Amino acid sequence: MSLYISDVFPYLSKECQKKLELQLGIVLRNSSKKEDIKSNIIHIFKTSYIDKIKNILTSKKNHIIKQMFLEGGFIEQAEIPTPISDFPLIELNDYYYLPLEMYEAILYEKFLQEHCFILGLLNLLPEKELKYWKNWLEKETQIPYKSPHPIKKYKLPFYFYIILSPLLLNSIQIIKKNEYSLDECFSILLDQHPLNLLNECFSFYQALQKLYYSKNNMLIKFENENISIKNFLLFFLSGKLMPVFKNNQIEKIVLTKELRDWEISSQEQSRNSLEKIIYVNFKR
């Protein structure tokens with residue numbers, strides 16, 4: 001999970017402090033009001049870095065900032081051969097972190113929705129959907145969500161809760177398109193309980209949770225391949241597939257951009273490192 005520069009600045013090395021001050025163009029060492037500092041840094045990201053962030057995230061080229069964003073906002077310093085000098089990063093405990101001020105600056109930018117990033121799509125989900133998604137994640141991961149409510153007002157904690165949840169996806173290669181209809185995803189199930197009660201008394205994520213924990217784990221056809229319902233629903237639980245809502249109705253299902261640690265690396269050491277960070281951050 002990422003950190004606020006305004007929170008951790010006093011604990012950073014002198015070299016990192018100096019670099020951040022030069023990159024942001026403000027003096028932070030003698031500042032005392034955290035909220036004012038945070039607001040100033042968010043404003044600087046909006047005015048000086050927003051176009052750069054958009055170009056990096058929407059480019060097809062590899063970029064370390066894009067990799068960090070897709071993987072949850074941090075990366076081990078040892079994985080980067082040369083220091084990053086053109087973008088404000090927090091350097092702490094052998095990790096680089098994308099500042100949470102950056103996330104605040106882009107939170108409501110339309111390009112996040114247009115390019116199907118989870119952070120942007122969360123703006124389209126009704127509060128009840130977010131609540132049932134949270135309940136489902138808590139039940140499956142056994143990691144309690146200890147952050148402010150309502151979720152729609154405080155989206156960043158929930159965003160990191162989603163993408164850092166330790167879920168295992170085994171069949172990511174079967175997703176071949178960027179967009180699907182509800183019928184393409186659940187054709188034979190739409191007339192059956194609990195999906196037949198969508199938009200009447202069940203929310204989408206509530207219905208999916210009931211289906212996930214039902215005894216019926218039949219194989220369904222998706223992209224001409226057989227997949228168990230449980231494995232298919234993991235795509236929704238992890239945020240790889242998300243519904244796009246319009247007027248409280250599902251308009252389409254989209255494939256999101258954010259990756260998962262196990263899609264990028266199969267090294268057990270890397271996975272253990274990620275889970276340790278998850279535990280520490282959600283424990284605070």
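How many bridges join β2 to strand β3? The legends below start with the whole protein and then come back to that pair.

**Figure 1. The whole protein, seen as a predicted model.** We're looking at a predicted structure here, with 14 helices and eight strands. The C-alpha atoms fill a box of roughly 65 × 40 × 35 Å along the principal axes. A compact globule of 284 residues would have a radius of gyration near 19 Å, so the 20 Å found for this protein agrees with that. Buried residues come to 53% of the 284. Take the contacts with a separation of 6 or more, and 62% of them are between residues 24 or more positions apart. On the outside, about 14,300 Å² is exposed, and carbon and sulfur atoms supply 48% of that.

**Figure 2. A three-stranded open sheet, with a helix packed on it.** Back to the opening question: three bridges join β2 to β3 (residues 95–97), and the two strands run antiparallel. Look for Glu91, which stands opposite Tyr96 in β3. Across the sheet, the strand order is β1-β3-β2, with antiparallel pairing. That puts β1 (74–76) and β2 (90–92) at the edges with a single partner strand each, so one side of each has no neighbour in the sheet. Ignoring direction, neighbouring strands are turned by 25° against each other on average. Helix α4 (residues 64–71) packs on this sheet and touches β1 and β3. The direction of α4 makes about 110° with that of β1.

**Figure 3. The β5–β6 hairpin and its turn.** Strands β5 (residues 219–222) and β6 (residues 225–228) are paired antiparallel, with four bridges between them. One to pick out is Lys221, whose bridge partner in β6 is Asn226. Two residues sit between the strands of this hairpin. Keep an eye on Glu223 in the turn: its phi is positive, at about 50°.

**Figure 4. Helix α9, wrapped up by its surroundings.** How many of the nine residues of α9 are buried? Nine of the nine, so this helix (residues 155–163) is largely enclosed by the rest of the structure. The aromatic names to look for among the buried residues include Phe158, Tyr159, Phe160 and Tyr161. Lys155 is on the buried list as well, and so are Leu156, Pro157, Ile162 and Ile163.

**Figure 5. Gln17 in helix α2, and what its side chain meets.** Gln17 lies in α2, which covers residues 14–24. Is Gln17 buried or exposed? At 5% relative accessibility, it counts as buried. A polar atom of the Gln17 side chain lies 2.7 Å from the backbone oxygen of Phe9. If you leave out residues up to four places away in sequence, Gln17 touches Phe9, Pro10, Leu12 and Arg29.

**Figure 6. Asn196, in the loop between α10 and α11.** The loop in this view links α10 (182–186) and α11 (204–212), and Asn196 has its place there. With 33% relative accessibility, Asn196 counts as partly exposed. Which residues does Asn196 contact, leaving aside its neighbours within four places in sequence? The answer is Leu190 and Asp191. Ala207 is eleven residues away from Asn196 along the chain, and their C-alpha atoms are separated by 9.0 Å.

Key: Residues are numbered from 1 along each chain as its sequence is written. This is a predicted model: local features need pLDDT of at least 70, side-chain atom pairs count only at pLDDT 80 or more; totals for chains, interfaces and linings use all residues. Side-chain values use heavy atoms; hydrogens and water are left out. Two strands pair if DSSP finds at least two bridges between them. Axes are lines fitted to C-alpha atoms, for helices over the stretch in contact, and angles run from 0 to 180 degrees between N-to-C directions. Contact means heavy atoms within 4.5 Å. The radius of gyration is taken over C-alpha atoms; the globule rule is 2.2 Å times the number of residues to the power 0.38. Buried means under 20% relative accessible area, exposed over 50%, partly exposed in between (1.4 Å probe, protein chains only). Accessible areas come from the Shrake-Rupley method with a 1.4 Å probe; for residues, only the protein chains shown count as cover. A polar contact is a pair of N or O atoms within 3.5 Å; within protein, one must be able to donate a hydrogen and the other to accept it, and residues adjacent in sequence count only if both atoms are side-chain atoms.
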